[in-house]
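Me: I have a model open and want to learn how to read it. Can we go feature by feature?

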Amino acid sequence: MNQEQKDHYFMEKALQEAKVAFEKDEVPVGAIIVSNDKIIARSHNLTETLIDVTAHAEMQAITSASNHIGGKYLNDCTMYVTLEPCQMCAGAMYWAQLSRLVYGASDPHRGFKVLGTKLHPKTKVSSGVMSKECKLLIDAFFIKKRKEKQG
């Protein structure tokens, strides 16, 4: 399997997590962390469930992966996340020294790029993997929320 195929495969796994979040009425963002081509952490947004603004999918995944490897640095790991990370999550990734970040849909309003947040200098970034599917799920969630407010 080449890197593009791996990225697609693992983003599908992150999208499955995002769908779990959708079913829980959470903003549908899913994340997984991979080391040596194995998933070591999987998560989705839990901000409503935990009543915690920091319970983003990426933050949950970093904690889970760190527990799995028994250390705070994820410098041999790749995170796959369905939405471009926010400033908070990008900051956590910086401190975790993540090797690679792969995300699906861009976030032109709250994403780390538009806010100018830096990742660790050694973190490689790939974007747009399954972006249509990721964006469709996010859009469907907010359309549903708007309809609920109106009705």
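Reply: Start with the contacts. Among contacts in the protein chain with a separation of 6 or more, 57% join residues 24 or more positions apart. Keep in mind that this is a predicted model.

Me: What pattern of helices and strands does the protein chain follow?

Reply: Read along the sequence and write down each element. Here that gives α-β-β-α-α-β-α-β-α-β-α. The protein chain has 6 helices and 5 strands.

Me: How compact is the protein chain?

Reply: Compare the radius of gyration with what the globule rule gives for the chain length. The radius is 15 Å, close to the 15 Å given for 151 residues, so the chain is as compact as a globular protein of that length. The C-alpha atoms fill a box of roughly 50 × 35 × 30 Å along the principal axes. Of the 151 residues, 46% count as buried.

Me: Now a single helix. What span should α3 have?

Reply: Use 1.5 Å a residue. Helix α3 covers residues 57–69, 13 residues in total, and should span 18 Å. Its end C-alpha atoms are 18 Å apart, which agrees.

Me: Which residues of α3 are buried?

Reply: Buried means under 20% relative accessible area. In α3 the buried residues are A57, E58, A61, I62, A65 and S66. Seen down the axis of α3, they fall within an arc of 155 degrees, so they line one face of the helix.

Me: What covers the buried residues of α3?

Reply: Look for elements in contact with them. The cover includes three strands, β1 (30–35), β2 (38–44) and β3 (77–83), along with helix α4 (87–96). Check the end of the helix too. Just after α3, G70 takes a positive phi of about 75 degrees.

Me: How does α1 read by the same steps?

Reply: Take the span, then the buried residues, then the packing. α1 has 21 residues and reaches 30 Å from first C-alpha to last, close to the 30 Å expected at 1.5 Å a residue. Its buried residues are D7, F10, M11, K13, A14, L15, E17, A18, A21 and F22. They pack against β1, β2, β3, β4 (100–105) and α6.

Me: How many aromatic pairs are there?

Reply: Ring centres within 6.5 Å make a pair. The count comes to 6 aromatic pairs. One of them is F22 with F141: the centres are 5.9 Å apart and the planes stand at 70 degrees, so the pair is edge-to-face. This pair links distant parts of the chain, with F22 in helix α1 (residues 3–23) and F141 in helix α6 (residues 131–150), 119 residues apart. Both F22 and F141 are buried.

Me: Which ring pairs with F141 within α6, and how do the planes lie?

Reply: F142, which lies in helix α6. F141 and F142 pair edge-to-face, 5.1 Å centre to centre, with 85 degrees between the planes. Then compare their accessible areas. F141 is buried at 3% relative accessible area, whereas F142 is partly exposed at 35%. F142 also lies 8.3 Å from V27, C-alpha to C-alpha, though they are 115 residues apart in sequence.

Me: What else should I look for around rings?

Reply: Clusters and charges. Ring pairs link Y9, F10 and Y80 into a cluster. The charged end of K144 sits over the ring of F22, 5.0 Å from its centre.

Me: Where do residues other than glycine take a positive phi?

Reply: Check the loops. I51 is not a glycine, yet its phi is positive, about 50 degrees. I51 is found in the loop between α2 (47–50) and α3. M130 has a phi near 55 degrees and is found in the loop between β5 (124–127) and α6.

Me: Are I51 and M130 buried or exposed?

Reply: Read the relative accessible area of each residue. I51 is exposed at 76%. M130 is buried at 11%.

Me: Is loop residue G111 buried or exposed?

Reply: Buried, with a relative accessible area of 0%. G111 is found in the loop between β4 and α5 (112–115). Leaving aside neighbours within four places in sequence, G111 is in contact with E84 and P85. For a distance across the model, take G111 and T49: their C-alpha atoms are separated by 23 Å, with their positions 62 residues apart along the chain.

Methods. Residues are numbered from 1 along each chain as its sequence is written. This is a predicted model: local features need pLDDT of at least 70, side-chain atom pairs count only at pLDDT 80 or more; totals for chains, interfaces and linings use all residues. Side-chain values use heavy atoms; hydrogens and water are left out. Helices (H or I, at least four residues) and strands (E, at least two) are DSSP runs, numbered from the N terminus. The expected span of a helix is 1.5 Å times one less than its number of residues. Buried means under 20% relative accessible area, exposed over 50%, partly exposed in between (1.4 Å probe, protein chains only). The arc is that of the directions from the helix axis to the C-beta atoms. Contact means heavy atoms within 4.5 Å. Rings of Phe, Tyr and Trp (its six-membered ring) pair if their centres lie within 6.5 Å; planes under 30 degrees apart count as stacked, over 60 as edge-to-face and the rest as tilted. A charge sits over a ring if NZ of Lys or CZ of Arg is within 6 Å of the ring centre and within 35 degrees of the ring normal. The radius of gyration is taken over C-alpha atoms; the globule rule is 2.2 Å times the number of residues to the power 0.38.
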